[in-house]
Amino acid sequence: SYGRVDELVYFAGLKEQYEIVVHHYIQQGEARKALEVLQRHNVPVDLVYKFAPDLIMLDAYETVESWMMARNKLNPGKLIPAMMRYVSEPHAKNETHEVIKYLEFCVKDLNNEDPGVHNLLLSLYSKKADESQLLQFLDTKFGSGQANGPEFFYEPQYALRLCLQAKRMRACVRIYSMMSMHEEAVALALRVDLELAKAEADKVEDDEELRKKLWLKVAKHVIEQEKGVKRENIKKAIEFLSETNNLLKIEDILPFFPDFVLIDDFKEEICKSLKDYNSQIEQLKAEMDDATRGADNIRSDIGALAQRFTVIDREEECGVCRRKILTVGGLHQVGRSYTSVGHMAPFYVFPCGHAFHANCLIAHVTRCTSQVQAARILNLQKQLSLMDRKAAKDNGGTGNGESTVSSAPTVDKLRSQLDDAVASECPFCGDLMIKEISLPFILPGESVEKASWEIKPQPASQKILPMTMSI
């Protein structure tokens with residue numbers, strides 16, 4: 001109250017009333033002294049955000065330098081209101097934009113990911129007459145270094161709206177492309193630069209149909225916008241075809257020309273296109289000939305399968321029961337539906353040389369395969385047995401083979417299914433043997449057998465008498 005301001009400021013500093021000190025310096029227009037107070041380590045960071053709007057308007061350079069010195073101690077998102085106040089004021093054309101400088105520092109040096117910071121920087125770039133910084137910012141993928149992260153942190157829809165308002169068409173084309181809106185990008189690029197439209201059409205590599213559609217749009221624009229002598233237009237349009245890397249043909253762009261154009265102007269390109277089609281037809285013919293030869297070879301191989309045979313030694317044993325394969329008797333027969341010689345039991349012989357009786361093979365496969373597959377095999381075997389008994393009964397009653405003939409297709413189908421289930425591959429050489437590795441040595445059903453091998457202690461009542469030998 002006595003007007004001793006210096007003592008007041010000094011005493012407020014001793015009492016850590018920094019808000020009074022900073023407010024005094026701002027009123028006196030001494031931004032540097034205010035910033036020095038805010039840079040002290042014991043000053044709350046909230047005061048920095050509170051006085052940021054006044055300080056940046058008082059001395060933007062010193063304020064931004066102070067923010068940059070603080071680095072990660074400050075949250076740029078909380079400084080946006082102060083920066084927006086600075087942006088709303090007019091500035092000289094060649095003046096260094098301090099907010100842009102600080103935002104670039106946050107984005108490039110501090111790797112800030114706040115969408116608000118990126119959106120503000122993009123909006124400031126869009127207001128500049130030079131579009132190069134804006135395009136460079138759009139092309140830079142700040143988030144590409146992160147795994148499963150976004151490539152950019154600004155909002156594409158907001159960026160597109162800003163660029164359309166500021167009439168930054170090249171930037172709009174770039175944003176359309178990043179949003180995978182390639183048709184809109186090419187359509188807008190045709191209004192700006194033909195080369196830009198070609199570059200956008202070439203960006204689509206994984207969708208051939210869309211890429212051709214975009215190039216057709218560019219071709220239509222080229223033909224319709226070319227001025228001068230008609231023959232020059234045709235010549236430029238034909239030259240344009242070579243830029244598409246054979247994606248477009250002469251017949252694709254013919255509808256874009258007027259009806260009164262002479263066909264002589266397209267003579268060379270039409271002949272070239274016809275030659276290309278002719279070579280494609282010849283290639284298709286060659287492929288068809290190869291396919292025909294392959295089909296003939298397959299048919300001959302199938303015919304040769306019917307004549308395939310193998311020689312079995314008289315002493316050949318079954319891989320399961322170890323009895324001779326050529327055993328005579330009905331012990332191993334599973335039904336009359338199997339082809340057998342005389343009274344020999346039916347058997348299977350594999351190309352690897354292993355041979356099995358039919359019943360032995362079925363028993364082995366059902367024991368080692370899954371329960372579902374085993375149930376299917378046993379069901380097929382049961383159906384075959386029932387049909388064999390029925391056929392034998394009918395034949396015995398009627399004295400003719402009509403029943404057998406009528407049921408033969410069904411029997412053959414069941415036998416084929418059973419063969420596929422048990423004899424698709426050798427059980428000793430195929431996948432079944434590999435699967436048996438995981439089976440336990442003692443199966444759950446062999447618990448009784450396992451118990452019989454246990455060594456039991458002798459009862460205490462039994463005494464072992466010593467044995468003496470006399471010489």
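Is Glu317 buried, partly exposed or exposed? In this predicted model, Glu317 is partly exposed, because its relative accessible area is 36%. The protein around this residue has 471 residues, of which 34% count as buried, and its secondary structure consists of 22 helices and two strands. The points below go through the overall make-up, the nonpolar cores, an enclosed helix, some individual residues and the salt bridges.

**Overall make-up**

- The protein exposes about 31,400 Å² of surface, and carbon and sulfur atoms supply 53% of that area.
- When contacts between residues at least 6 apart in sequence are considered, 55% of them join residues that are at least 24 apart.

**Nonpolar cores and a surface patch**

- The largest nonpolar core has 73 residues, and the ones with the most contacts inside this core are Trp67, Met83 and Tyr102.
- This core draws at least three residues from each of two domains, namely domain 1 (5-203) and domain 2 (204-289).
- Once neighbours within four places in sequence are left aside, Met83 is in contact with Trp67, Pro76, Val99, Tyr102, Leu103 and Leu120.
- Another core, of 22 residues, lies apart from the one just described, and its members include Leu361, Ile362, Leu418 and Ala421.
- On the surface, Ile298, Ile302 and Leu305 form a nonpolar patch that has about 300 Å² of accessible area together.
- Within that patch, Ile302 belongs to helix α17 (residues 267-305), and Ile302 counts as exposed because its relative accessible area of 52% is over the 50% cut-off.

**An enclosed helix, α11**

- Helix α11 (residues 169-178) is largely enclosed by the rest of the structure, because seven of its ten residues are buried.
- The buried residues of α11 are Ala171, Cys172, Val173, Arg174, Ile175, Tyr176 and Ser177.
- The cover over these buried residues of α11 includes α9 (132-139), α10 (156-166), α12 (182-192) and α13 (194-202).
- Just after α11 comes Ser180, which takes a positive phi of about 60°.

**Two buried residues**

- His364 lies in helix α18 (residues 358-368) and counts as buried, because its relative accessibility of 7% is under the 20% cut-off.
- Not counting residues up to four places away in sequence, His364 touches Val320, Pro427, Phe428, Leu432 and Glu436.
- Phe153 is placed in the loop between α9 and α10, and Phe153 is nevertheless buried, with a relative accessible area of 11%.
- Although Phe153 and Gly116 are 37 residues apart along the chain, their C-alpha atoms are separated by 8.8 Å.

**Positive phi angles in loops**

- Asn111 is not a glycine, yet this residue has a positive phi of about 55°; Asn111 is found in the loop between α7 (98-109) and α8 (115-126) and counts as exposed, at 55% relative accessibility.
- Arg322, which is likewise not a glycine, has a positive phi of about 65°, and Arg322 is found in the loop between α17 and β1 (347-349).

**Salt bridges**

- A search of the whole structure finds twelve salt bridges.
- One of them is formed by Arg32 and Glu62, whose closest N and O atoms are 2.7 Å apart.
- This pair links distant parts of the chain, with Arg32 in helix α3 (residues 31-38) and Glu62 in helix α5 (residues 60-70), 30 residues apart.
- The two partners differ in their surroundings, since Arg32 counts as exposed at 52% relative accessibility, whereas Glu62 is buried, with a relative accessible area of 19%.
- The side chains of Asp193 and Arg170 also meet in a salt bridge, at 3.4 Å from N to O.
- That pair too links distant parts of the chain, with Asp193 in the loop between α12 and α13 and Arg170 in helix α11, 23 residues apart.
- Asp193 counts as partly exposed at 26% relative accessibility, and Arg170 is partly exposed as well, with a relative accessible area of 31%.
- Glu317, the residue of the opening question, forms a salt bridge with Arg322, and the closest N and O atoms of the pair are 3.3 Å apart.
- Elsewhere, Glu65, Glu98 and Lys101 are joined into one network by salt bridges that share partners.

Methods. Residues numbered from 1 in each chain as written. Predicted model: local features only at pLDDT ≥ 70, side-chain atom pairs only at ≥ 80, totals over all residues. Heavy atoms only, no water. Core = buried A, V, L, I, M, F, W, Y, C linked by side-chain atoms within 4.5 Å. Buried < 20%, exposed > 50% of the residue type's maximum accessible area, 1.4 Å probe, protein only. Domains from an automatic or database assignment. Contact = heavy atoms within 4.5 Å. Patch = residues over 30% accessible without salt bridge, like charges linked within 9 Å, V, L, I, M, F, W, Y side chains within 5 Å. Areas by Shrake-Rupley, 256 points an atom, 1.4 Å probe, with all protein chains shown as cover. Salt bridge = Lys/Arg side-chain N within 4 Å of Asp/Glu carboxyl O. Helix = DSSP H or I, 4+ residues; strand = E, 2+ residues; numbered from the N terminus.
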